Amino acid sequence: GASGSRLSERLGRVHEGFLEERRETLPSLSDPYGVSAAVRVVMEKCINKKLGSQIVASEVGSEYEDVLYEKNRCRLAFVEDEVDVLEHFSEFFKERNYSVLCFSNGTKAFDSLQKEKVDILFVDIKLPGMQGDSLMEELSKLPSPPYMIPVSADPMGDGMVDRLKAVGCKHFISKPFDIVELIELVKTIALEKKLLG
């Protein structure tokens, strides 16, 4: 849809910026078919524009990702009461050198995150202990709050969305989600915060 297309264009801009800064190392970013990473990003942008949606990024598992994640300084946290989902998150992001914290309870997450700084935080709305929306509202009061992303299996009412936007939430994730899109979203935010590469 339109939001996927906008995200794709944004990803293209961020990737091009990353490659522009490292133009001298581009030979090492080439894929086995001789297409440079820069050309691949442009090709993907054209395809994405034509389709009007985001395709699965070819960077996932590529040499481009290896270079990008080699110096990963981004700390993630996931607050989710389904243990298998937490394990899923943790595995995918640790493979990409992210530092990952996982919590299955809102109150425990609040206690820990007041002391431990994280850069990006995913929070399920329905949690044992403190509810996800209350957790984000409280964490937004920290001197340096994380980039917070609410996750929900149920539609969020306008009132809750407005409250969460007021405390700085810009992205809202619905379950079930596409793990590739999640990886790309985190990568985009981390690049903007200059925590990758």
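**The parallel sheet and its crossovers**

Student: How many bridges join β1 to β3?
Tutor: The two strands run parallel, and one opposed pair is leucine 76 with isoleucine 120 in β3. The structure is a predicted model, in which local features need pLDDT of at least 70, side-chain atom pairs count only at pLDDT 80 or more, and totals for chains, interfaces and linings use all residues. Numbering starts from 1 along each chain as its sequence is written, and side-chain values use heavy atoms, without hydrogens or water. The number of bridges joining β1 to β3 is four.

Student: Which pattern does the chain follow when read along the sequence?
Tutor: The chain has eight helices and five strands; both are DSSP runs numbered from the N terminus (helices H or I, at least four residues; strands E, at least two). Read along the sequence, these elements give α-α-α-β-α-β-α-β-α-β-α-β-α.

Student: In what order do the five strands stand in the open sheet?
Tutor: Strands count as paired if DSSP finds at least two bridges between them. In this sheet the pairing is parallel. Five bridges join β1 to β2, and five also link β3 and β4. Two bridges join β4 to β5, and the order of the open sheet is β2-β1-β3-β4-β5.

Student: Which strands stand at the edges, and why is one side of each left without a neighbour?
Tutor: The open sheet runs in the order β2-β1-β3-β4-β5. Each edge strand has a single partner, so one side of it has no neighbour in the sheet; these strands are β2 (99–103) and β5.

Student: Which residue in β2 is the bridge partner of valine 79?
Tutor: Valine 79 belongs to the pairing of β1 with β2, two strands that run parallel. Its bridge partner in β2 is phenylalanine 103.

Student: Through which helix does the chain cross from β1 to β2?
Tutor: This β-α-β crossover is right-handed, meaning that with the strands pointing away from the viewer the path from the first strand over the helix to the second runs clockwise. The chain passes from β1 to β2 through residues 83–94, which form helix α4.

Student: Which helix joins β3 and β4 in a right-handed β-α-β unit?
Tutor: β3 and β4 pair in the parallel sense, and methionine 148 in β4 is the bridge partner of leucine 121. The right-handed unit is made by β3, β4 and the helix of residues 132–139, α6.

Student: Which helix does the chain pass through between β4 and β5?
Tutor: β4 and strand β5 (residues 173–174) run parallel, with isoleucine 173 in β5 as the bridge partner of valine 151. The crossover from β4 to β5 is again a right-handed β-α-β connection. Its helix covers residues 158–166 and is α7.

Student: How many residues of β4 are buried?
Tutor: Buried means under 20% relative accessible area, with a 1.4 Å probe and protein chains only. Across the chain, 47% of the 197 residues are buried. In β4, Tyr147, Ile149 and Val151 point one way and Met148, Pro150 and Ser152 the other way, and all are buried. Strand β4 (residues 147–152) is thus mostly covered, and the number of its six residues that are buried is six.

Methods:
Buried means under 20% relative accessible area, exposed over 50%, partly exposed in between (1.4 Å probe, protein chains only).
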